[in-house]
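Hello,

Here is the structure I promised to pass on to you. My notes on the sheet and the ligand site follow below it.

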Amino acid sequence: MTKARRILLASRPLGEPSAANFSMDEIDLPEAAEGEVTVRVRYLSLDPYMRGRMSDAKSYAAPVPVGGIMEGETVCEVMKSRHNDFSPGDIVKGRTGWVSHAVIKGDLLRLVDTHGAPVSTALGVLGMPGFTAWSGLKFIGHPKSGETVAVAAASGPVGSMVGQLARLQGARAVGIAGGPDKCAFVKDELGFDAVIDHRSKELAHDLQNACLDGIDVYFENVGGHVWDAVLPLLNQFGRVPVCGLVAHYNGGGLGETDRLPATMSAILRRSLTVRGFIQTEFAQHFDEFLQDVGPLVADGKIKYKEDIVDGLEQAPEALIGMLAGKNFGKLVVKVS
Ligand code: NAP
């Protein structure tokens with residue numbers, strides 16, 4: 001009998017989550033029924049949206065119930081298959097959640113195609129975060145040659161892809177990141193044209209100096225004080241794909257109204273397009289994304305960084321750290 005370790009939501013956090021909001025158990029895995037596949041999880045993706053699933057506030061997706069398995073996407077190895085499309089040893093991607101093993105419907109799995117990159121990249125640069133950046137730019141941001149594209153959380157999987165794609169399209173990429181190490185990586189390794197540390201007391205001034213022609217596309221990943229610095233710099237007909245607001249996920253600043261008049265006034269006077277999106281809206285373009293970006297990753301024209309944490313039991317602490325900016329690159333848990 002295969003045992004499966006699982007991490008459950010023990011209670012809903014108020015503000016910053018803590019280890020007490022999670023619990024771990026172990027169960028005997030049932031046998032796979034017809035159409036199902038038994039998998040061993042190799043890598044679990046940790047993503048900022050998981051903080052939202054821990055809350056029962058109204059959102060675009062249902063919350064994880066208290067006592068339920070924490071949600072998440074994983075790369076797995078097939079152990080046993082009762083589905084025609086999969087055989088033992090296949091590497092697949094699915095939403096098993098925070099578990100070591102699972103029995104899952106084969107129709108919900110996808111074979112991993114990484115163009116020769118490590119399989120963990122199916123959760124990052126060649127997975128949901130990379131696709132988020134690609135689709136937000138392609139369908140909303142529309143960067144043009146010579147324009148300035150700014151993005152925060154620039155060393156992470158979404159932000160790093162945004163800046164690199166923008167540059168490949170002839171735009172100027174300005175990254176915003178937390179701390180000297182992340183800033184050096186964004187400028188020196190990823191090749192952004194400029195980078196600003198959002199922890200600097202001179203953030204607004206530094207950003208203005210880095211964007212002397214203003215900002216044409218601001219790919220919004222964080223909100224908060226970064227948005228305050230970006231807003232005055234947005235150009236006429238600027239585009240703002242609103243992808244995430246990680247600065248507010250632990251509750252800080254939501255419900256705040258003092259930013260609203262300045263934001264609405266800028267949208268009106270500068271004819272801005274501010275468009276929120278969830279990447280699933282563009283899911284039918286995922287194969288196009290892989291065809292487009294896979295070769296760029298294989299050729300080293302798009303670079304990426306992974307932050308790999310060892311052991312399923314480390315997942316809660318790693319997620320808590322990510323919400324405080326402690327991850328450096330795409331956060332992935334190596335489960336087995
Ligand atoms: P990530 O960059 O790996 O991790 C989050 C980063 O946010 C942290 O490392 C930190 O980087 C930054 N951050 C946290 N608190 C901040 C604050 N108060 N002010 C400024 N920066 C802060 O995350 P990711 O996976 O690439 O995701 C980036 C954003 O995209 C998130 O908002 C996420 O929710 C969103 N997203 C949206 C979709 C969608 O479908 N709409 C899909 C995927 C991701 P620094 O230390 O550099 O500040």
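A polar contact here is a pair of N or O atoms within 3.5 Å; within protein, one must be able to donate a hydrogen and the other to accept it, and residues adjacent in sequence count only if both atoms are side-chain atoms. Please keep in mind that this is a predicted model, where local features need pLDDT of at least 70 and side-chain atom pairs count only at pLDDT 80 or more, while totals for chains, interfaces and linings use all residues. Residues are numbered from 1 along each chain as its sequence is written, and side-chain values use heavy atoms, without hydrogens or water.

Let me begin with the ligand. A ligand oxygen lies 2.6 Å from a side-chain N or O atom of Asn-327. Polar backbone atoms also come into play: one of Gly-178 is 2.8 Å from a ligand oxygen, and one of Val-158 is 3.0 Å from a ligand oxygen. On its own the ligand has 910 Å² of accessible area, and the protein covers 92% of that (Shrake-Rupley method, 1.4 Å probe).

Now the sheet. Six strands (DSSP runs of E, at least two residues, numbered from the N terminus) form an open sheet with parallel pairing, in the order E10-E9-E8-E11-E12-E13. Pairing requires at least two DSSP bridges between two strands. Strands E10 (194-197) and E13 (273-276) stand at the edges with a single partner strand each, so one side of each has no neighbour in the sheet. Between E8 (residues 148-152) and E11 (residues 215-219), which run parallel, there are three bridges; Val-151 has Phe-219 in E11 as its bridge partner.

Happy browsing, and best wishes!

Notes
Helices (H or I, at least four residues) and strands (E, at least two) are DSSP runs, numbered from the N terminus.
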